[in-house]
Amino acid sequence: IGEIAAARENVSGISDTVNSRAFYATGLTTSGETYIDTIEYIPFSHSSGAATDWGETTEVKKMTATSVTPTDGWITGGVGPGESFKDKIEKYSFSSAGNAADTAELSSNLNDHAGHSSSTDGFTSGGSDGLATLGDIDKFSFSAPSNSADYGELTETKHSCSGADGI
């Protein structure tokens with residue numbers, strides 16, 4: 001139905017159902033040479049053409065996870081060039097184009113994990129910290145951004161996870 005700005009892998013995506021748009025962010029070019037920090041979107045009603053640039057994340061990275069509220073997208077963790085593992089929780093608005101802002105930190109460096117959402121909180125689960133595959137579930141608040149905190153454990157360690165939203 002259209003073209004993204006650059007072919008990429010290890011991308012995170014979320015749906016802005018209020019404004020009928022699909023957002024995707026970060027990643028790595030398919031040639032494996034360039035890490036990406038862009039946030040782009042395609043309207044759900046899109047029938048052809050190119051994606052629209054929305055903004056940038058605070059740093060280039062891949063293997064992030066996302067959470068969502070009706071008004072904002074949230075991007076967590078990832079890994080950057082030189083296997084630099086990330087612990088940022090970033091937020092960007094659906095109301096107007098702009099860059100993501102670093103709002104808080106995950107409890108550890110995390111990539112290849114899942115992102116989840118409730119109406120009030122974001123969650124991460126599984127993934128890797130660069131040394132081991134993890135089974136942690138962490139929680140962070142949407143209304144008063146603060147560092148994530150331990151919420152529980154998966155029944156076994158997992159990476160390459162998928163998330164779900166319950167808003």
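T155 counts as exposed in this predicted model, because its relative accessibility of 85% lies above the 50% that marks the exposed class. The residue belongs to the segment that follows β15, a strand covering 149–153. Between the C-alpha atoms of T155 and S107 the separation is 19 Å, for a pair 48 residues apart along the chain. In the segment after β15 one also finds E156. With a relative accessible area of 47%, E156 is partly exposed. From E156 to T64 the C-alpha distance is 20 Å, and the two residues are 92 apart in sequence.

A further exposed position is G82, whose relative accessible area is 75%. G82 occupies the loop that connects β8 (79–80) with β9. The C-alpha atom of G82 stands 24 Å from that of T157, and 75 residues separate the two along the chain.

The setting for these positions is a chain with 15 strands and zero helices. How does the radius of gyration relate to that of a compact globule? For 167 residues a compact globule would have a value near 15 Å, and the chain agrees because its own value is 15 Å. The C-alpha trace extends over about 45 × 35 × 25 Å along its principal axes. Of the 167 residues, 46% are buried. The accessible surface amounts to about 7800 Å², and carbon and sulfur atoms account for 48% of it. Where contacts link residues at least 6 apart in sequence, 44% of them join residues at least 24 apart. As for charge, the chain carries 9 positive and 24 negative side chains, yet the centres of the two sets are 2 Å apart.

Attention now turns to buried positions, beginning with K86. Is this lysine, K86, buried or exposed? K86 is buried, because its relative accessible area of 13% falls under the 20% limit. The residue sits in the loop between β9 (84–85) and β10 (88–93). Which residues does K86 touch, apart from those up to four places away in sequence? They include E59, V60 and K61, then G77, G78, V79 and G80, and also L106, S108, N109 and L110. The side chain of K86 additionally makes a polar contact of 3.2 Å with the side chain of S84. G130, which is 44 residues from K86 in sequence, lies 9.8 Å away in space when C-alpha atoms are compared.

T57 provides a buried example within a strand, namely β5. Its relative accessible area is 5%, and T57 is therefore classed as buried. The side chain of T57 reaches the backbone oxygen of E59 at a distance of 2.8 Å. Once neighbours within four places in sequence are set aside, T57 is in contact with T26, D37, I39, I75, E90 and A100. E59 thus appears in the surroundings of both residues, through a contact with K86 and through the backbone oxygen that the side chain of T57 reaches.

The backbone itself calls for comment at two loop positions. M63 has a positive phi of about 60 degrees, although the residue is not a glycine. Its place is the loop between β5 (52–61) and β6 (65–68). D112, likewise a residue other than glycine, has a positive phi near 60 degrees. These values merit mention because most residues other than glycine have a negative phi. D112 is located in the loop between β11 (101–105) and β12 (114–117). Is D112 buried or exposed within that loop? D112 is buried, because its relative accessible area is 16%.

Loop positions in this model therefore include both exposed and buried residues: G82 is exposed at 75%, whereas K86 is buried at 13% and D112 is buried at 16%.

Methods
Residues are numbered from 1 along each chain as its sequence is written. This is a predicted model: local features need pLDDT of at least 70, side-chain atom pairs count only at pLDDT 80 or more; totals for chains, interfaces and linings use all residues. Side-chain values use heavy atoms; hydrogens and water are left out. Helices (H or I, at least four residues) and strands (E, at least two) are DSSP runs, numbered from the N terminus. The radius of gyration is taken over C-alpha atoms; the globule rule is 2.2 Å times the number of residues to the power 0.38. Buried means under 20% relative accessible area, exposed over 50%, partly exposed in between (1.4 Å probe, protein chains only). Contact means heavy atoms within 4.5 Å. Accessible areas come from the Shrake-Rupley method with a 1.4 Å probe; for residues, only the protein chains shown count as cover. Lys and Arg count as positive and Asp and Glu as negative; His and the chain ends are not counted. The place of a charge is taken as NZ of Lys, CZ of Arg, CG of Asp or CD of Glu. A polar contact is a pair of N or O atoms within 3.5 Å; within protein, one must be able to donate a hydrogen and the other to accept it, and residues adjacent in sequence count only if both atoms are side-chain atoms.
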